[in-house]
Amino acid sequence: MKIFITGATGFVGKNLVDYYTRRGHNVYAFRRDQHLYECLQKFKPDAIVNSAAEIYDYEQMFEPNIVMVQTILEYAKTCDQWCRVVQIGSSSEYGPTDHATSEDTLLKPVDFYQATKGAATLLCQGWARLHNLPIWIVRPYSVYGPGERPHRLFPRLYRAFNCNEPMTLYQGHHDFIYIADFVRGIDSILQHWDLAPGEIVNFGSGMQTSNFDLYDIWINVTGNNEAPVARVAEMRKAFENNVWVCDTTKSSNLGFDCEYTLENGIRDFLIKADYK
């Protein structure tokens, strides 16, 4: 299969490229300094996985988070072959909630990132249904694993427990899913030809873990109870709340379940990661 992957230099994108390359697929690893539509026309993919996104810089979000999506949709409509598209959305599109979020939970974004990702989802759904195209959206929850940017939670915990680097840990709540499981989830969507145009599928573990409970799990896995971690009993971001967990009903019905427990994911992370 010819698979076109955007965001190929990012955390999820790199793992997707590696997953499909190791399985013998013809993979095009797209970079932002290339011309998207021309690359699609030349490569003529059987499938596109859009993992490109800007998360942090509000002034730079519109182009990758919305305009790139529209370009991919235009290609999917006009290309000669039947091309499947998986848009990687975000569980943050739902905004703050007080319950496990399912695919039909109303979107209530409270910042520009959440809004742009939600807008991209709606574009994909409208385009897929209007033109009857195999365009689907996956919404990951808290994906972790080797290859994450150094400033993120798991790399910082790695350096605290392995390099004795001090860190501050704020309270928070997440539904953690290991990168290997999430990549399998994306692949499972590409294999489900019976999904309706514009279908959304959430991927998480279905279990919520607080940051402080996560810290205790790291102690149990590493056997190190002296890591220099200062815990702060408040949330860092104003819009965070005490609930962030995936309703996994739909993904389970499609035959997907996480293979990694949080403990096993941390063990694998410790073996493969290098943030020294």
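# Briefing: second pocket, parallel sheet and selected residues

The second largest pocket of this predicted model is lined by Asn15, Asp18, Tyr19, Arg22, Arg23, Pro146, Tyr178, Ile179, Ala180, Val183, Asp268 and Lys272. An open sheet of six strands is also present, with parallel pairing. The points below treat the pocket, then the sheet with the helices that lie across it, then helix α5, and finally several individual residues.

**The second largest pocket**

- The volume of the second largest pocket is about 220 Å³.
- Three helices, α1 (11–22), α6 (179–191) and α9 (262–272), each contribute at least two residues to the lining of this pocket.
- Helix α1 provides four lining residues, the largest share.
- Sorted by class, the lining comprises six nonpolar, one polar and five charged residues.
- Rolling a probe the size of a water molecule over the atoms reveals where empty space remains.

**The six-stranded sheet**

- The strands of the open sheet follow the order β2-β1-β3-β4-β5-β10, and their pairing is parallel.
- The edges are formed by β2 (26–29) and β10 (200–203); each has a single partner strand, so one side of each is left without a neighbour in the sheet.
- From one strand to the next, the twist averages 20°.
- Strand β4 (residues 84–88) pairs with β5 in the parallel sense over four bridges.
- Within this pairing, valine 86 has tryptophan 136 of β5 as its bridge partner.
- Strands β5 and β10 also run parallel and are joined by four bridges.
- Here valine 138 stands opposite valine 201 of β10.
- In a regular strand, side chains alternate between the two faces of the sheet.
- In β10, Ile200 and Asn202 point one way while Val201 and Phe203 point the other way, and all are buried.

**Helices across the sheet**

- Helix α1 lies across β1 (2–6), β2, β3 (47–50) and β4, and it runs at about 165° to β1.
- Helix α1 is also the helix that supplies the largest share of the lining of the second largest pocket.
- Helix α4 lies across β4, β5 and β10, and its direction is at about 155° to β5.

**Helix α5 and its surroundings**

- Eight of the eleven residues of α5 are buried, so this helix is largely enclosed by the rest of the structure.
- The buried residues of α5 are Leu153, Phe154, Pro155, Leu157, Tyr158, Arg159, Ala160 and Phe161.
- The elements covering these buried residues include β6 (142–144), β7, β9 (176–178), α7 (211–222), β12 (229–235) and α9.
- Just after α5, asparagine 164 adopts a positive phi of about 60°.

**Two asparagines with positive phi**

- Asparagine 132 has a positive phi of about 55°, although it is not a glycine.
- Asparagine 132 is located in the loop between α4 (112–131) and β5 (135–140).
- Because its relative accessibility is 52%, asparagine 132 counts as exposed.
- Asparagine 164, likewise not a glycine, has a positive phi of about 60°.
- Asparagine 164 is located in the loop between α5 (153–163) and β7 (167–171).
- Because its relative accessibility is 55%, asparagine 164 counts as exposed.

**Tryptophan 127**

- Tryptophan 127 belongs to helix α4.
- With a relative accessibility of 15%, tryptophan 127 counts as buried.
- Leaving aside neighbours within four places in sequence, tryptophan 127 is in contact with Gln70, Leu73, Glu74, Lys77, Asn132, Leu133 and Ile135.
- Tryptophan 127 and alanine 76 are 51 residues apart in sequence, and their C-alpha atoms are 9.6 Å apart in space.

**Serine 205**

- Serine 205 lies in the loop that connects β10 to β11 (209–210).
- At 24% relative accessibility, serine 205 counts as partly exposed.
- Beyond neighbours within four places in sequence, serine 205 is in contact with Asp175, Phe176, Thr248 and Cys258.
- Serine 205 and isoleucine 55 are 150 residues apart in sequence and 22 Å apart in space, C-alpha to C-alpha.

Note on methods
Residues are numbered from 1 along each chain as its sequence is written. This is a predicted model: local features need pLDDT of at least 70, side-chain atom pairs count only at pLDDT 80 or more; totals for chains, interfaces and linings use all residues. Side-chain values use heavy atoms; hydrogens and water are left out. On a 1 Å grid over the protein atoms alone, a cavity is a set of points where a 1.4 Å probe fits but cannot get out, and a pocket is an open set with protein on both sides within 12 Å along at least five of seven lines; lining residues have an atom within 4 Å of a point. Grid points are joined across faces, edges and corners, and a volume is the space filled by probe spheres set on the points. Ala, Val, Leu, Ile, Met, Phe, Trp, Tyr, Cys and Pro count as nonpolar, Asp, Glu, Lys and Arg as charged, and the others, Gly among them, as polar. Buried means under 20% relative accessible area, exposed over 50%, partly exposed in between (1.4 Å probe, protein chains only). Two strands pair if DSSP finds at least two bridges between them. Axes are lines fitted to C-alpha atoms, for helices over the stretch in contact, and angles run from 0 to 180 degrees between N-to-C directions. Contact means heavy atoms within 4.5 Å.
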